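Trainee: Got a minute to go through this one with me? I'd like to start with the overall picture and then poke at a few details.

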Amino acid sequence: MTSSRTHRYPGEAAARPSYRLHTLGWRAFEDLALDIMREILGPTVVSFAETGDGGRDGAFYGDWEPGRSHQAPAPFGEAEVNGLKGPFVIQCKFKQSESETLMPSEVSGELKKVSKLVGEGACSTYVLMTNARITAGSELKMRKDFQAAGARNVLILGGTWIEEIISSSPNLRRKVPRIYGLGDLTQILDERKYHQAHALLSYLGDENLVTFVRTRFYEQAVDYLDRRGFVVLSGRPGSGKSISAAALAVGAIDAYGSAVVKIDTPGEFKDAWNPHEPDQLFWVDDAFGVYRFDTQATEKWGRSIGLVQTAIKRGARFVFTSRDYILQEAQSQFTGSARELLDCRVKIAPTHLVVEEREQILYNHLRYGDQSRSFLTEIKPHLSTAARSAHFSPEQARRLGSSYLSSGLEAISEKNLLDFFENPIDHLCEVLRGLDQDALAALCLIYMAGGELKSPLSLTQRELGVLDLVGGTKASVAKALARLEGSFLLRVNTRTSPRWKFYHPSLANALAKHIGQNAELVEVFISGLTPRALFSLVDCGSDEKDERETVAIPEVCYDLLINRISELHASHHLCDSPRFVGFLSSCSASFLYRLAHLRSGIIGKFTTADTVGFGPSGITLLARLHQVGLLAEEERTSAVSRIMDSSTSTYDLEVDYDWAESSATADLCTASEYSQLRERVLSEVIPELVEVIDDPGATIEWESEEDWRELARHYENAVRAYRNAYGDHPDGAAEVEHAGELIHSLLYSAPMCGGDFEEQEDEEAEVDEDTRRSIFDDLDTV
């Protein structure tokens, strides 16, 4: 397309937003450059690995014709009437300094590579992209050099040109939301859009998207929002649902001019929806319940789903968020087209991030954190290993980038860095030990308030009592809150008033562990307990000794703990949680007696055979209640009967092996009952496992090989449990071992799993790992 402006290639100074491209890092810059080329040339632009690219970071094998794509500025936008012939070679040169200029000598090493590519028919148009400045003389020299090397067309695209592309393409910015953090939002967006974006990001307590990494989860969410007008983001607390929703919302404001409305209920949606304003986007956090499944809220959305679908047809878009276990329950309440809408689900799971995404998250937080250059140099060799940790999380990467929050990290080594990710609570406790009394008091107040404290401070007598106990005054705590903002705390705007909240849920758990270790603060610890802290930190006379550091609750505080449990049950429905069942099964007899006396309704929910339905933890609790005399004999025999029936029958070819996973089954049963259970499973169930799994299609119609595999893995887990239950049974142990060997051989045999493909792939990955350029190469060079 011919430009209507005067000639200005390779770029002219103009009043446009500037972007801190030099802060991206070499890999993120390459990703951005190739995204820009996809905007102009088309989606089939390909990228190459970091090593062995032969002078190509990317390629495009088609031709470019004027007017076929994005209205790119010169040189794409000027009078190239015949277009540009492929194949294209795209090469990137990244500079760390904002003021650096790219010199011809710095690309002279590419000339031989270009000649070779031209000879192989792989290069007709050569595109060099850099974030650096380019002088007119340097551009001319480089262009002539590459043409002399054989390239038919040569485009030298500098930082000014890239910034112009970014400024002119809302779609590109939406695809790469990190861009919103690289520039000044007041320049990128018009006034109305800016105020909307500012309000949304202020709700999260952080206006900066600069560390946000575009993952496949985000790309899938964008796709659902574009095609279906609806997406629900699910995941565990702190998995990144809200920041992803914010990125989607800011992108919609920018790309579509959407008016974003943050709502909580269907009633608010009905009041806010304007059929004559088609580009509204409605953002609903925790749509089906905050901590647990909310039947009322779900039913209301169910009744309003027709109106939601009508709004979508008129151009509205919806972003819902939900904890994954709540969404699973909510989905069962919807049918037909309403259920299809909820199937537009993206589960955000940090454990499922690919290595490159994890590395980029680590890089971004360290690059934009406040760690010293010497720290970055020392830690750099170990970061690729940390990114592969099974315990990696974006939040822990954020803490690693903070010199304050990583102060508990001892001498840097691969072992210590992995421990930092594997034991985040322990490391946070080290940081908490270094806090002054004002900061600790501030955190305790938020903890006691359930994780949110109103701002400005207005303290109750109980909260003032905590200040007396911990130390500190209202004035000193107010100052401490401001100091902790951005590390431990966020100050967010809500519909009612600003509030202080923990930056991440795990910070509350670390604080609970820390103050629980102080005998004088046990009452404070109990008053702010969350379900997670209750399940993982509280010890009420457990006989089991493990390596966890727990908080022993003295009997004198049992009543206070029981009151807190009652409050949590009212808000979180504890009695539906297998983890609460597991907690109760570890409690002392005196605590269980006291709970039965003060809250008979809670303990009464578990003194029936229905508790078997909680699986191994339910069986363990029933055995515990039987031991302390709180389980009636009639209910005990009924529970044993249910275990016997479920363990010796199959449903949809699956077996129930919960009894074998709990050693307490033997304590719940009489010796005769337990012997009968084991003999029946040995004769009726275990032989059937082998028969079913050894028949991949002869008499059973499998819908797919994956269905067979899933069942085989289920049987493999069953055998693992049976090994423990039959360890002292000679005949049973041999039979279980035989079944296990046969299932394993079938599950991992070459015809069924693709031979040695996985092994070859791993070997290849090891080779690539040894030779590829590390994303962290330039981390400490700024």
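Trainee: What share of the contacts with a separation of 6 or more comes from residues 24 or more positions apart?
Mentor: That share is 74% for this chain. Keep in mind that we're looking at a predicted model.

Trainee: Okay, and how many helices and strands are there?
Mentor: The chain has 40 helices and 17 strands. Of its 782 residues, 51% are buried.

Trainee: What about the surface, how much does the chain expose?
Mentor: About 35100 Å², with 48% of that supplied by carbon and sulfur atoms.

Trainee: Switching topic: how many cavities of 30 Å³ or more does the structure hold?
Mentor: Three. Let's take the second largest, which has a volume of about 40 Å³.

Trainee: Which residues line the second largest cavity?
Mentor: The lining is F230, F288, W301, I305, V308, F320, F334 and L342. By class, that's eight nonpolar, no polar and no charged.

Trainee: Which element gives the largest share of that lining?
Mentor: Helix α12, residues 295–313, with three residues.

Trainee: Now α21. Why would you call it largely enclosed by the rest of the structure?
Mentor: Because 11 of its 12 residues are buried. The buried stretch includes D438 as well as A439, L440 and A441, and among the others are C444, Y447 and M448.

Trainee: What distance separates the end C-alpha atoms of α21, and what should the helix span?
Mentor: The ends are 16 Å apart, and at 1.5 Å a residue the 12 residues of α21 (437–448) should span 16 Å, so the two agree.

Trainee: On to the backbone. Which peptide bond leading into P87 is cis, and where does P87 sit?
Mentor: The bond from G86 to P87 is cis, with omega near 5 degrees. P87 is in the loop between β2 (58–60) and β3 (88–93). There's also a cis bond from S455 to P456, where omega is near 0 degrees. P456 belongs to the loop between β11 (452–454) and α22 (461–470).

Trainee: And what is phi for D286?
Mentor: Near 50 degrees, a positive value in a residue other than glycine. Most residues other than glycine have a negative phi. D286 is in the loop between β8 (280–284) and α12.

Trainee: Where does H573 lie, and what is its phi?
Mentor: H573 lies in the loop between α27 (558–572) and α28 (578–585), with phi near 55 degrees.

Trainee: What are the relative accessible areas of D286 and H573?
Mentor: D286 has 25%, which makes it partly exposed. H573 is partly exposed too, with 29%.

Definitions and conventions. Residues are numbered from 1 along each chain as its sequence is written. This is a predicted model: local features need pLDDT of at least 70, side-chain atom pairs count only at pLDDT 80 or more; totals for chains, interfaces and linings use all residues. Side-chain values use heavy atoms; hydrogens and water are left out. Helices (H or I, at least four residues) and strands (E, at least two) are DSSP runs, numbered from the N terminus. Buried means under 20% relative accessible area, exposed over 50%, partly exposed in between (1.4 Å probe, protein chains only). Contact means heavy atoms within 4.5 Å. Accessible areas come from the Shrake-Rupley method with a 1.4 Å probe; for residues, only the protein chains shown count as cover. On a 1 Å grid over the protein atoms alone, a cavity is a set of points where a 1.4 Å probe fits but cannot get out, and a pocket is an open set with protein on both sides within 12 Å along at least five of seven lines; lining residues have an atom within 4 Å of a point. Grid points are joined across faces, edges and corners, and a volume is the space filled by probe spheres set on the points. Ala, Val, Leu, Ile, Met, Phe, Trp, Tyr, Cys and Pro count as nonpolar, Asp, Glu, Lys and Arg as charged, and the others, Gly among them, as polar. The expected span of a helix is 1.5 Å times one less than its number of residues.
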